[in-house]
Amino acid sequence: MNRVTRAAALAAATALALAACAAAPDEESEESPEAGGESTGEMVDYTACMISDEGGWDDASFNESGFEGLQRAGDELGIETKDAESTDPGQYASNVDAMVQEGCDLIIGVGFALEDAIEAGAQANPDINFALIDSAFSDTEFNPVTYDNAKPLLFNTQEAAYLAGYMAAGVSETGTVATYGGQPFPSVTIFMDGFADGVARYNEDNGTNVQVLGWDKEAQNGSMIGNFSDTEAGRTTTEQFIASGADVILPVAGPVGAGTLNAASQAEGVKVIWVDSDGYLQPANEENKDLILTSVMKLIGNAVFDTIENAVNGEFDATPYVGTLENGGVDLAPLHDFEGQVDEELVAAVDDLKQQIISGELVVESPSATPTE
Amino acid sequence: MSSTGTVVTPPAEPSRAPEDERPSYLQQVLDSSWMIILSAIVIALVASSVLIAAANAEVQEAATYLFARPGDFFGAAWDAIYSAYSALFRGAIFDYQADGLRRIRPITETMLASTPLILAGLGLAIGFRSGLFNIGAQGQVLMGGAAATWIAITFQAPVVVHVVLACLAAVVVGGLWAGIAGFLKARTGANEVIVTIMLNSIAVFLVSYLLTTSVLAGGGSRPISPPVGPNAQLPLVLGPPFRLHWGFIVALLAAVGVWWLLERSVLGFRFRAVGANQEAARTAGIRVNLMFVLVMITAGALAGLGGATQILGTDKTLQASSAGSIGFDAITVALLGRSTPLGTVLAALLFGALRAGSPLMQTSANTPIDIVLVIQASIVLLIAAPPLVRSLSLVHGIAKWTGRSGKEARA
């Protein structure tokens, strides 16, 4: 026992010593990137800052997507970035204040929970720009208000989810599809609204009767697991759906989708639709990526990057950004492994619907979509 | 949050046997001397500085060529630690880089953050002194906050009346919520640890549900309450730009009240008698079961008031997660303060400082928020360690030394 400990300690010490043996970088090489880095742009005197909600930057959901946009802006635009994670709602206001103190030029809040903090910051600091992901601003009476220095970043996620619902209904062999959410937030139920409408449209077009489990758009009520972290709850919920005959599942709960993939891998012929980013490309999903039919993508990172880029160029404007199928802010991911397996007519029908939505011929509505006018 | 596990797991039961001279685990934690607590804080800060350095990207880079140029490594490590702790100081006590009045704003932020911790911690301290391990402050804080919010957004009332009514509602609801655990313990002997933990879950889901209805969400579609009106807000002590509100003064008054209750009143003497020895208290004619209920109601009332100060003073809106980790941090605060009112206030100020300093540590020094939580957790671990060490009788010297000071504290 003792000998083992000693041997382990020795091995660890050796490893550490070896790891520390690398040659020191030359002073010159430290400077060279700056000298030769003209093409990538020199350091710009601009500071973009971002505050997470309770999820933190590693939530495999919208905080993470937003943070990627901030990091990309730091790398590509040569600006300084600062970030602060919140662990509870009591920290939103103090995080905004700390950002103001640190001389941020643009402060981005992630999620509707930061609305009040960002709103108060925008009112108190008219010379600093603000942005808020997934929410517009409203007063105490819930009437929309706008500020000259605060830009909402919104997403018509229901448009992409509509296409996913249509495709799910077409792919389903059992005639039953299902969805569930993390918590009944508008940014969650907007996926489920679009999904349910897409299925309904498929039924209308083809005279079928595909059922949606887990969401009732009329009643705005359905399956919620109560958080965005309990993968096990996602797994059991999915198992119940599968037992009820569903063979295409849309989990709208960030990382909890991993539980759905797990349950789907235990069953025969069950497919999963991922949300937020292309789930097929996520390293965490590597093992079960062949079960991912497609993904309802909400490209927050791009919206954040564009907002920062415009602000750095002095072109910040407070009109809301709305991600749509038209501008690529939301989209349906490629089919990847299902390419060729899905009926070509169905793919063509989905493409056709996409064009109709883009042209404005077809309007997908959701009570969760924030009105911008 | 995870910190509570370290404190709870060793049950207080084994020492019940009368022939066992050793006091209960809870008693041992309460008896640890000021020196131990102070050194625990210092050791935790030192241990955390190692983590701060390890988490720093520049230090990691310099570590790869440690032997080639050790100066870089130690320089980077020093920079990382210095900037983290100076950011903590600037965020929590005095900001020497700011202008004018803003320089003293950090200390008021510390007081602000400590307000709910003082109140909830006082409630828990009463429980600990009475031998009740109340884990339910989290739920009591949330229920109190929800009750205050409901009064604040549902009714209209004149300036002073409205805020007082909202706080009273929080006191009543918090007290009743904790009273359930006290009642169950008195009537059925149900373990208060388990009951209060369950009540925490029930409170979170109940408030989550109410936030989806018009009761707490007003007319909005989100699970968040409308902001409380100006009449129902706790007034500011110093005015803008300071956020410090009267809740802090209330908390200090409550500390004085709890001191009087525990040290000077008959009821408090009964509480402590039950905590010291239930059997003896019963023999002496104290109605132990009634005391259980009263202790829990008092504890819940204080925690509920803490929730009200958080919503009516600091946050202005209620969410299901509004209680944050107040209820669990308050357990640490009460234990750190040895369950005395003064100790609880000081410990709450320490935790408030760590909390108030964390935004600047993140933005200015790039210290991950997790490090701040690690500092808190290591303090708890080190506070909880001496009794653990003693109970394993590994270090007899320390045991004797602390045992002596422990007797003084108990006397």
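This report walks through the fold of chain A, its contact with chain B, and the nonpolar core of a predicted model.

**Chain A as a whole**

Let's start with chain A, which has 373 residues, 51% of them counted as buried. Its secondary structure comprises 11 helices and 16 strands. If you look at contacts in chain A with a separation of 6 or more, 68% of them link residues 24 or more positions apart.

The domain assignment splits chain A into domain 1 (47–155) and domain 2 (157–298 + 343–359). Taken over C-alpha atoms, the centres of domain 1 and domain 2 of chain A are 29 Å apart. Where these domains touch, domain 1 of chain A contributes 9 residues and domain 2 of chain A contributes 8 residues. On the domain 1 side of chain A, the residues touching domain 2 are 4 nonpolar, 3 polar and 2 charged.

**An open sheet and its helices**

Chain A contains an open sheet of 6 strands with mixed pairing, in the order E9-E8-E12-E13-E14-E16. Strand E9 (211–213) and strand E16 (330–332) of chain A are its edges, each pairing on one side only. From one strand to the next, the twist averages 15°. Inside the sheet, strand E13 (residues 271–276) and strand E14 (residues 292–298) of chain A run parallel and are joined by 5 bridges. Ile273(A) sits opposite Thr294(A) of E14(A).

Two helices of chain A accompany these strands, and the table sets them side by side.

| Helix of chain A | Strands of chain A touched or crossed | Angle |
|---|---|---|
| H7 (residues 186–206) | E8, E9, E12, E13 and E14 | about 170° with E8(A) |
| H8 (residues 231–243) | E8, E9 and E12 | about 150° to E12(A) |

**Where the chains meet**

Which helices of chain B each supply at least two residues of the side that touches chain A? They are helix H5 (70–92), helix H14 (288–315) and helix H16 (341–365) of chain B. H16(B) provides the largest share of that side, 6 residues. Across the whole interface, 37 residues of chain B are in contact with 32 residues of chain A. The chain B side that touches chain A consists of 14 nonpolar, 17 polar and 6 charged residues.

**The nonpolar core**

In soluble globular proteins, nonpolar side chains tend to be buried together. Here, the largest nonpolar core has 226 residues, and Ala164(A), Ala148(B) and Ala166(B) touch the most other members. The element giving the most to this core is H14(B), with 15 residues.

Ala164(A) is a handy place to centre your view. Leaving out residues up to four places away in sequence, Ala164(A) touches Phe195(A), Gly198(A), Leu250(A), Ile273(A), Thr294(A), Val296(A) and Leu332(A). Two of those partners, Ile273(A) and Thr294(A), are the residues that stand opposite one another in the sheet.

**A close look at Ile126(B)**

Over in chain B, Ile126(B) belongs to helix H6 (residues 105–129). Why does Ile126(B) count as buried? It is buried because 28 other C-beta atoms lie within 10 Å, and the cut-off is 20 or more. Beyond its neighbours within four places in sequence, Ile126(B) is in contact with Val258(B), Leu262(B), Phe271(B), Val295(B), Thr298(B) and Ala299(B). Ile126(B) and Met296(B) are 170 residues apart along the chain, while their C-alpha atoms are separated by 8.6 Å.

How values were computed: Residues numbered from 1 in each chain as written. Chains lettered and ligands numbered in written order. Predicted model: local features only at pLDDT ≥ 70, side-chain atom pairs only at ≥ 80, totals over all residues. Contact = placed C-beta atoms within 7 Å. Helix = DSSP H or I, 4+ residues; strand = E, 2+ residues; numbered from the N terminus. Nonpolar A, V, L, I, M, F, W, Y, C, P; charged D, E, K, R; others polar. Buried ≥ 20, exposed ≤ 12 C-beta atoms within 10 Å, placed from the backbone. Pairing = 2+ DSSP bridges. Axes fitted to C-alpha atoms, helices over the stretch in contact; angles between N-to-C directions. Domains from an automatic or database assignment. Core = buried A, V, L, I, M, F, W, Y, C linked by C-beta atoms within 7 Å.
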